[in-house]
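Q: Could you take me through one part of this structure up close, piece by piece? I'd like to see how a strand in the middle of things fits with what surrounds it.

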Amino acid sequence: MSNRISADELPADLAGVDLLIDVRAPKGRAENGEISSAVILPKTLVEQAFSGPFSAVAKDARIVVFCGSVNGSGPVVETLIGLGFTTVADVDGGYAAVKERGVA
(Lines give C-alpha, C1' and ligand atoms only; values in the text may rest on other atoms or scores of the structure.)
Protein backbone atom coordinates (compact mmCIF):
# COMPACT_ATOMS: atom_id res chain seq x y z
CA MET A 1 0.00 0.00 0.00
CA SER A 2 1.36 3.38 -0.98
CA ASN A 3 1.38 6.03 1.70
CA ARG A 4 1.67 8.83 -0.83
CA ILE A 5 -1.30 10.53 -2.43
CA SER A 6 -1.48 13.12 -5.17
CA ALA A 7 -2.98 16.50 -4.41
CA ASP A 8 -5.88 15.52 -6.69
CA GLU A 9 -6.73 12.74 -4.22
CA LEU A 10 -6.95 15.26 -1.40
CA PRO A 11 -10.45 16.75 -1.27
CA ALA A 12 -10.19 20.56 -1.41
CA ASP A 13 -12.74 20.69 1.42
CA LEU A 14 -10.80 17.97 3.32
CA ALA A 15 -13.90 15.74 3.40
CA GLY A 16 -12.90 12.48 5.02
CA VAL A 17 -9.60 13.85 6.34
CA ASP A 18 -9.47 13.82 10.13
CA LEU A 19 -6.15 15.58 10.56
CA LEU A 20 -4.02 17.59 8.13
CA ILE A 21 -0.52 18.09 9.51
CA ASP A 22 2.05 20.65 8.31
CA VAL A 23 5.56 19.58 9.34
CA ARG A 24 7.44 22.37 7.54
CA ALA A 25 9.98 24.47 9.39
CA PRO A 26 8.96 27.97 10.53
CA LYS A 27 11.10 29.48 7.75
CA GLY A 28 9.19 27.53 5.09
CA ARG A 29 5.85 28.63 6.50
CA ALA A 30 6.99 32.27 6.76
CA GLU A 31 8.27 32.31 3.17
CA ASN A 32 5.43 30.37 1.52
CA GLY A 33 2.38 30.78 3.74
CA GLU A 34 0.22 28.42 5.74
CA ILE A 35 -2.92 26.37 5.30
CA SER A 36 -5.30 27.48 8.05
CA SER A 37 -6.93 24.05 8.44
CA ALA A 38 -3.57 22.34 9.04
CA VAL A 39 -2.12 21.55 12.42
CA ILE A 40 1.46 22.80 12.63
CA LEU A 41 3.61 20.10 14.16
CA PRO A 42 7.41 20.09 14.04
CA LYS A 43 8.77 16.77 12.76
CA THR A 44 10.83 16.29 15.90
CA LEU A 45 7.74 16.49 18.13
CA VAL A 46 5.46 14.04 16.30
CA GLU A 47 5.95 11.09 18.67
CA GLN A 48 5.64 13.32 21.73
CA ALA A 49 2.48 15.00 20.39
CA PHE A 50 0.75 11.70 19.64
CA SER A 51 1.49 10.38 23.12
CA GLY A 52 0.30 13.68 24.64
CA PRO A 53 -2.07 16.27 23.11
CA PHE A 54 -3.07 14.03 20.18
CA SER A 55 -3.26 10.79 22.16
CA ALA A 56 -7.05 10.67 21.70
CA VAL A 57 -6.78 10.54 17.89
CA ALA A 58 -8.18 7.20 16.73
CA LYS A 59 -5.67 4.76 15.22
CA ASP A 60 -7.84 4.55 12.09
CA ALA A 61 -8.19 8.33 11.67
CA ARG A 62 -7.29 9.55 8.18
CA ILE A 63 -4.16 11.62 8.66
CA VAL A 64 -2.54 13.53 5.80
CA VAL A 65 0.93 15.01 6.26
CA PHE A 66 2.72 17.56 4.10
CA CYS A 67 6.05 19.33 4.13
CA GLY A 68 8.08 21.24 1.60
CA SER A 69 9.15 17.86 0.19
CA VAL A 70 8.57 14.15 0.78
CA ASN A 71 11.93 14.04 2.53
CA GLY A 72 10.23 15.86 5.37
CA SER A 73 6.82 14.25 5.38
CA GLY A 74 7.82 10.68 4.48
CA PRO A 75 9.60 9.99 7.78
CA VAL A 76 6.65 11.49 9.69
CA VAL A 77 4.28 9.08 7.92
CA GLU A 78 6.59 6.19 8.88
CA THR A 79 6.64 7.41 12.50
CA LEU A 80 2.84 7.55 12.64
CA ILE A 81 2.54 4.07 11.13
CA GLY A 82 5.03 2.89 13.73
CA LEU A 83 2.75 4.37 16.40
CA GLY A 84 -0.10 2.22 15.08
CA PHE A 85 -1.97 4.62 12.80
CA THR A 86 -3.40 2.78 9.82
CA THR A 87 -4.61 5.47 7.41
CA VAL A 88 -1.71 7.88 7.01
CA ALA A 89 -0.41 9.48 3.81
CA ASP A 90 1.75 12.33 2.63
CA VAL A 91 1.05 14.54 -0.36
CA ASP A 92 3.21 14.22 -3.44
CA GLY A 93 4.41 17.75 -4.16
CA GLY A 94 4.07 18.88 -0.55
CA TYR A 95 2.79 22.30 0.45
CA ALA A 96 2.81 23.70 -3.09
CA ALA A 97 0.54 20.90 -4.33
CA VAL A 98 -1.82 21.24 -1.35
CA LYS A 99 -2.07 25.00 -1.89
CA GLU A 100 -2.60 24.58 -5.64
CA ARG A 101 -5.39 22.10 -4.90
CA GLY A 102 -7.23 24.92 -3.16
CA VAL A 103 -7.12 23.57 0.39
CA ALA A 104 -7.48 26.48 2.79
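**A close look at strand 2**

A: Let's start with strand 2 (residues 19-22), which runs parallel to strand 4 (residues 62-66) and is joined to it by four bridges. A quick word on terms: strands (E, at least two residues) and helices (H or I, at least four) are DSSP runs numbered from the N terminus, and two strands pair if DSSP finds at least two bridges between them. Keep in mind that this is a predicted model, where local features need pLDDT of at least 70 and side-chain atom pairs count only at pLDDT 80 or more, while totals for chains, interfaces and linings use all residues. Residues are numbered from 1 along each chain as its sequence is written, and side-chain values use heavy atoms, with hydrogens and water left out.

On to the neighbours. Strand 2 also runs parallel to strand 3, with two bridges joining them. Asp-22 faces a residue in each partner: Phe-66 in strand 4 and Ile-40 in strand 3.

Zoom out a little, and you find an open sheet of five strands, paired in parallel, in the order 1-5-4-2-3. Strand 1 (4-5) and strand 3 (39-40) stand at the edges with a single partner strand each, so one side of each has no neighbour in the sheet. The way from strand 2 to strand 3 includes helix 1 (residues 26-32), and these three make a right-handed β-α-β unit (right-handed means that, with the strands pointing away from the viewer, the path from the first strand over the helix to the second runs clockwise).

Now for the side chains. In a regular strand they alternate between the two faces of the sheet. In strand 2, Leu-19 and Ile-21 point one way, Leu-20 and Asp-22 point the other way, and all are buried (under 20% relative accessible area; exposed is over 50%, and partly exposed is in between, with a 1.4 Å probe and protein chains only).

Where does Ile-21 end up? Ile-21 is among the residues with the most contacts inside the largest nonpolar core, which has 17 residues. Such a core is a set of buried Ala, Val, Leu, Ile, Met, Phe, Trp, Tyr and Cys residues joined through side-chain atoms within 4.5 Å. Strand 2, helix 2 (46-50), strand 4 and helix 3 (70-82) are the elements giving two or more residues to this core. Phe-50 touches both Leu-19 and Ile-21, among others (contact means heavy atoms within 4.5 Å). There's also a second, separate core of 16 residues, and Phe-66 is one of its members.

Note on methods. Lists of a residue's contacts leave out its neighbours within four places in sequence.
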